[in-house]
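I am opening a fresh notebook page for this structure, and I mean to write down what I look up in the order in which I look it up.

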Amino acid sequence: MKQSLPWILLSIILGSGLIFQTISNKQELKTAYVTNAKLYAEFQLSKDLNAKIQEVQLARKAIMDSLGMQLTQLEKRLVDKTATEQDKAEFSRMSNEYRLKQQQFTEDNALLTQQYQEQISNQLNQYLKDFTAANEYDYIFGATGDGSLMGAKDAYNVTDLVLNYANQRYKGVAK
């Protein structure tokens with residue numbers, strides 16, 4: 001027993017030292033979260049591209065409205081029985097053109113929206129990665145309301161900081 005006592009004491013001392021060193025070297029992770037919806041909606045690139053989409057959609061709506069008015073005029077002549085054979089053929093041609101343009105514009109609007117959303121998402125992801133590195137965060141969580149982050153103290157919310165950083169980067173001000 002006397003011979004094993006020094007080994008037991010040495011083991012206790014070494015074990016205590018190892019535990020102390022582990023505790024003293026333990027770093028706190030720097031974490032935060034962003035509100036995804038706010039970040040996406042208030043990002044300047046998102047606002048710019050959404051304005052472009054609306055411009056395109058308004059221009060396409062004007063084209064469709066013009067075609068619709070022409071169709072309505074021809075239809076009135078058909079109903080009043082004052083339409084010529086040429087009017088009937090023109091009505092048929094314009095009806096087909098209207099349906100084709102409507103389908104084309106719907107598909108083009110969806111594709112443009114998808115392309116812009118991907119562009120916004122890719123740019124925000126890059127800026128968020130840069131922000132994380134520049135501010136030495138270990139993790140930045142996204143609060144989406146779908147269960148990925150159920151709650152956190154507002155002190156950990158860095159949405160406004162990230163948004164400001166992303167908008168400054170987008171404008172070419174910050175690196």
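**Helix α5 and its surroundings**

I began with α5, where the buried residues are T159, V162, L163, Y165, A166 and N167. I keep in mind throughout that I am reading a predicted model.

I then looked up what lies over these buried residues of α5, and the cover includes strand β1 (31–35) together with the helices α2, α3 and α4. As for its length, α5 has 13 residues and reaches 18 Å from its first C-alpha to its last, which is close to the 18 Å expected at 1.5 Å a residue. I also checked what comes next in the chain, and α5 is followed by G172, whose phi is positive, near 85°.

**Where α4 meets α5**

Next I turned to the pair of helices α4 (residues 85–134) and α5 (residues 159–171), whose axes come within 10 Å and cross at roughly 115°. Angles from 65 to 115 degrees count as roughly perpendicular, and so α4 is roughly perpendicular to α5. I noted the hand of the crossing of α4 and α5 as well, which is right-handed.

Which residues make up this meeting of α4 and α5? On the α4 side I listed L124, Y127, L128, D130 and F131, and on the α5 side they meet L161, V162, Y165, A166, R169 and Y170. Sorted by class, this contact of α4 with α5 has 9 nonpolar and 2 charged residues, with no polar ones. I see that V162, Y165 and A166, which take part in the contact with α4, are also among the buried residues of α5.

**A single residue, N109**

I picked out N109, whose place is in helix α4, and asked whether N109 is buried or exposed. N109 has a relative accessibility of 17%, and because buried means under 20%, N109 counts as buried. Leaving aside residues up to four places away in sequence, N109 touches V56, Q57 and R60.

**Helix α3**

Since R60 lies in α3 and is listed there as buried, I followed it to that helix. Helix α3 (residues 44–80) has 37 residues and reaches 53 Å from its first C-alpha to its last, close to the 54 Å expected at 1.5 Å a residue. The buried residues of α3 are L45, S46, L49, I53, R60, M64, L67, G68, L71 and L74, and what covers them includes α2 (36–42), α4 and α5. Just after α3, I noted that K81 takes a positive phi of about 65°.

Notes
Residues are numbered from 1 along each chain as its sequence is written. This is a predicted model: local features need pLDDT of at least 70, side-chain atom pairs count only at pLDDT 80 or more; totals for chains, interfaces and linings use all residues. Side-chain values use heavy atoms; hydrogens and water are left out. Axes are lines fitted to C-alpha atoms, for helices over the stretch in contact, and angles run from 0 to 180 degrees between N-to-C directions. Helices (H or I, at least four residues) and strands (E, at least two) are DSSP runs, numbered from the N terminus. Angles under 35 degrees count as roughly parallel, over 145 as roughly antiparallel, 65 to 115 as roughly perpendicular and the rest as oblique. A crossing is left-handed if the near helix is turned anticlockwise from the far one by less than a right angle, and right-handed if clockwise. Contact means heavy atoms within 4.5 Å. Ala, Val, Leu, Ile, Met, Phe, Trp, Tyr, Cys and Pro count as nonpolar, Asp, Glu, Lys and Arg as charged, and the others, Gly among them, as polar. The expected span of a helix is 1.5 Å times one less than its number of residues. Buried means under 20% relative accessible area, exposed over 50%, partly exposed in between (1.4 Å probe, protein chains only).
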